[in-house]
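I opened a notebook page for this structure and set out to record, entry by entry, what I looked up.

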Number of protein chains: 2
Amino acid sequence: MQFTSERRLDDGVLEREFTLGEIPGILWTPASAFPPAPLILLGHPPLGLHRMYSRLAGRARQAVADGFAAATIELPGSGDRPRWAAAEQARADLRRVMEAGEPVKDEIIDALILPLVEKSVPEWQTALDALLSLPGIGGPVGYSGGVISIGIRLAVVEPRIVAAGLFAGSFVPRVMFEEARRVSIPLHVLLQWDDEGNDRQAALDLFDAFGSEEKTLHANMGGHTGVPRFAGDDAARFFARHLK
Amino acid sequence: MQFTSERRLDDGVLEREFTLGEIPGILWTPASAFPPAPLILLGHPPLGLHRMYSRLAGRARQAVADGFAAATIELPGSGDRPRWAAAEQARADLRRVMEAGEPVKDEIIDALILPLVEKSVPEWQTALDALLSLPGIGGPVGYSGGVISIGIRLAVVEPRIVAAGLFAGSFVPRVMFEEARRVSIPLHVLLQWDDEGNDRQAALDLFDAFGSEEKTLHANMGGHTGVPRFAGDDAARFFARHLK
């Protein structure tokens, strides 16, 4: 892990860009490195870190204000990272059927999401190794938002992640419903009730499938990007309950 | 309204029993009557105030600790109040079909709930007149919990109630789904995902039906009485947002 830039934001938060091999990422930490802060990994849609920067930085600054460190990495195939043909094809297929108002078939969802899960989860784990070796960062670790299937896989395979806040707002391959049954960490699931790009019934079925003994669904009105302010506050309290 | 008893609880809360004509009730207020506190009406199932006392007092003391006054009244046909034959019949029918493991027919639900709504809502309104004339109680008013159909009707007909926290845990007559569309105040709806006595899909359909622009569903694991502590805290913050 190599830091490539460092700046102090107006609220005292230290923002550092880094690279982890080929993978760019950003780390936000409190003004002081002591005591070491619990870490929240910030998931995001595969639109590229630059395009997502202001929303990610907003979430990160809130997390730091709540006493956490926050970090994110570029997803495979996003930003300046190399594309792969199958993903480009799946994105083109998705655009086409959505513009035509046709239902999105399982094959498209699988082609879009499954390779992303396969490729990104080991990268998040490598990032975790590097981040947890830094002086200002302790455990435990939470995962928040982004592509929900990545969150599910991480919750299953990565024991350092002890709580996850998931956003039921993206396509979920059918095989992930089975994987969801193996999740056992506390979950806080956000659902935008009128999310135009999301199948509400599938989101409710997925919530039902999770194996966790503590799981909470917070459904609010509005579309994909209309999550109300108070819903963010609720998610912050969920992480405070489980990471502190 | 006539106070019949008064005692100071160990946390300084003033608990007063009252009668309003034939109707018994309980009022909990902060140690000091100034400034006047916003009021939360505590709904409850038709099991009688005495049987429900400890749970009601727990909710009331929390509400007072959060800066509210809290009050409740005995439901018609509960506690020492006179029964009516049709309600007794409906309760007996309900017991019979539930013991037999049969589905609960609409006619039973209607006979059980609709007269309760018709009779109790004007009583809550009369209680509101009396409570709001007391020196230590100001507006605005919230309604919390209990038979959800009573909450729906109150939200529609009583403009002094500006926010409602509802518990999706009781039978809902079909006509109330239509009435739910006319609700426009902010709602905080609690759903116990594995509530043995509650139809989860009906609860989700009811949430969908509510006309309110701000409505939030919080679903948690466990049965009817297993609402987790943090879910109560979330509801308290909902009332703080809307009544203060």
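The entries below go from the two chains to the helices and then to the peptide bonds.

**Entry: the model**

I note before anything else that this is a predicted model, and I read each entry below with that in mind.

**Entry: how the chains are related**

I looked up how chain B can be laid over chain A, and found that a rotation of 180 degrees with 0.0 Å of shift along its axis superposes them, with an RMSD of 0.0 Å. That is the relation of a two-fold axis. I then asked which residue of chain B comes closest to the rotation axis. B:His218 does, with its C-alpha at 2.4 Å from the axis.

**Entry: where the chains touch**

I looked up the contact between the chains and found 13 residues of chain B against 13 residues of chain A. On the side of chain B that touches chain A, the elements that give two or more residues are strand 9 (215-220) and helix 7 (229-243) of chain B. Strand 9 of chain B gives the most to this side, with 6 residues. By class, the side of chain B that touches chain A holds 5 nonpolar, 3 polar and 5 charged residues.

I also wanted to know why the copies can be said to meet through the same surface. The reason is that 100% of the interface residues of chain B are also interface residues in chain A.

**Entry: the strand pair between the chains**

I went back to strand 9 and asked in which sense, parallel or antiparallel, the copies of this strand pair. Strand 9 of chain A (residues 215-220) and strand 9 of chain B pair in the antiparallel sense, over 5 bridges. For a single position I noted A:Ala219, which stands opposite B:Leu217 in strand 9 of chain B.

**Entry: helices 2 and 3 of chain A**

I turned to the packing of helices inside chain A, beginning with helix 2 (residues 85-99) and helix 3, which pack at an angle of about 140 degrees with their axes 9 Å apart. Since only angles over 145 degrees count as roughly antiparallel, helix 2 of chain A is oblique to helix 3 of chain A. I recorded the crossing of these two helices of chain A as left-handed. Helix 2 of chain A brings A:Ala86, A:Ala87, A:Ala90, A:Arg91, A:Asp93, A:Leu94 and A:Val97 to the contact, and helix 3 of chain A brings A:Ile108, A:Ala111, A:Leu112 and A:Pro115. By class, I have 9 nonpolar, no polar and 2 charged residues for the contact of helix 2 with helix 3 of chain A.

**Entry: helices 3 and 4 of chain A**

I looked up helix 3 of chain A (residues 106-132) again, this time with helix 4 of chain A (residues 148-157), and found an angle of about 45 degrees and axes 9 Å apart. That makes helix 3 of chain A oblique to helix 4 of chain A, and their crossing is right-handed. From helix 3 of chain A the contact takes A:Ile113, A:Leu116, A:Val117, A:Ser120, A:Val121 and A:Trp124, while helix 4 of chain A supplies A:Ser149, A:Ile150, A:Arg153, A:Leu154 and A:Val157. I noted that the residues of this contact of helix 3 with helix 4 of chain A divide into 8 nonpolar, 2 polar and 1 charged.

**Entry: helices 3 and 4 of chain B**

I repeated the look-up in chain B, where the axes of helix 3 (residues 106-132) and helix 4 (residues 148-157) come within 9 Å and cross at roughly 45 degrees. Helix 3 of chain B passes helix 4 of chain B in a right-handed crossing.

**Entry: cis peptide bonds in chain A**

I kept the peptide bonds for last, with the reminder that most peptide bonds are trans. A cis peptide bond joins A:Phe34 and A:Pro35, with omega about -5 degrees, and A:Pro35 lies in the loop between strand 3 (23-29) and strand 4 (37-43) of chain A. The bond from A:Gly139 to A:Pro140 is also cis, with omega near -15 degrees, and I found A:Pro140 in strand 6 (residues 137-145) of chain A.

Methods. Residues are numbered from 1 along each chain as its sequence is written. Chains are lettered from A and ligands numbered from 1 in the order in which they are written. This is a predicted model: local features need pLDDT of at least 70, side-chain atom pairs count only at pLDDT 80 or more; totals for chains, interfaces and linings use all residues. Axes are lines fitted to C-alpha atoms, for helices over the stretch in contact, and angles run from 0 to 180 degrees between N-to-C directions. Helices (H or I, at least four residues) and strands (E, at least two) are DSSP runs, numbered from the N terminus. Angles under 35 degrees count as roughly parallel, over 145 as roughly antiparallel, 65 to 115 as roughly perpendicular and the rest as oblique. A crossing is left-handed if the near helix is turned anticlockwise from the far one by less than a right angle, and right-handed if clockwise. Two residues are in contact if their C-beta atoms, placed from the backbone, lie within 7 Å. Ala, Val, Leu, Ile, Met, Phe, Trp, Tyr, Cys and Pro count as nonpolar, Asp, Glu, Lys and Arg as charged, and the others, Gly among them, as polar. Two strands pair if DSSP finds at least two bridges between them. Copies are superposed by least squares on the C-alpha atoms of residues with pLDDT of at least 70 in both.
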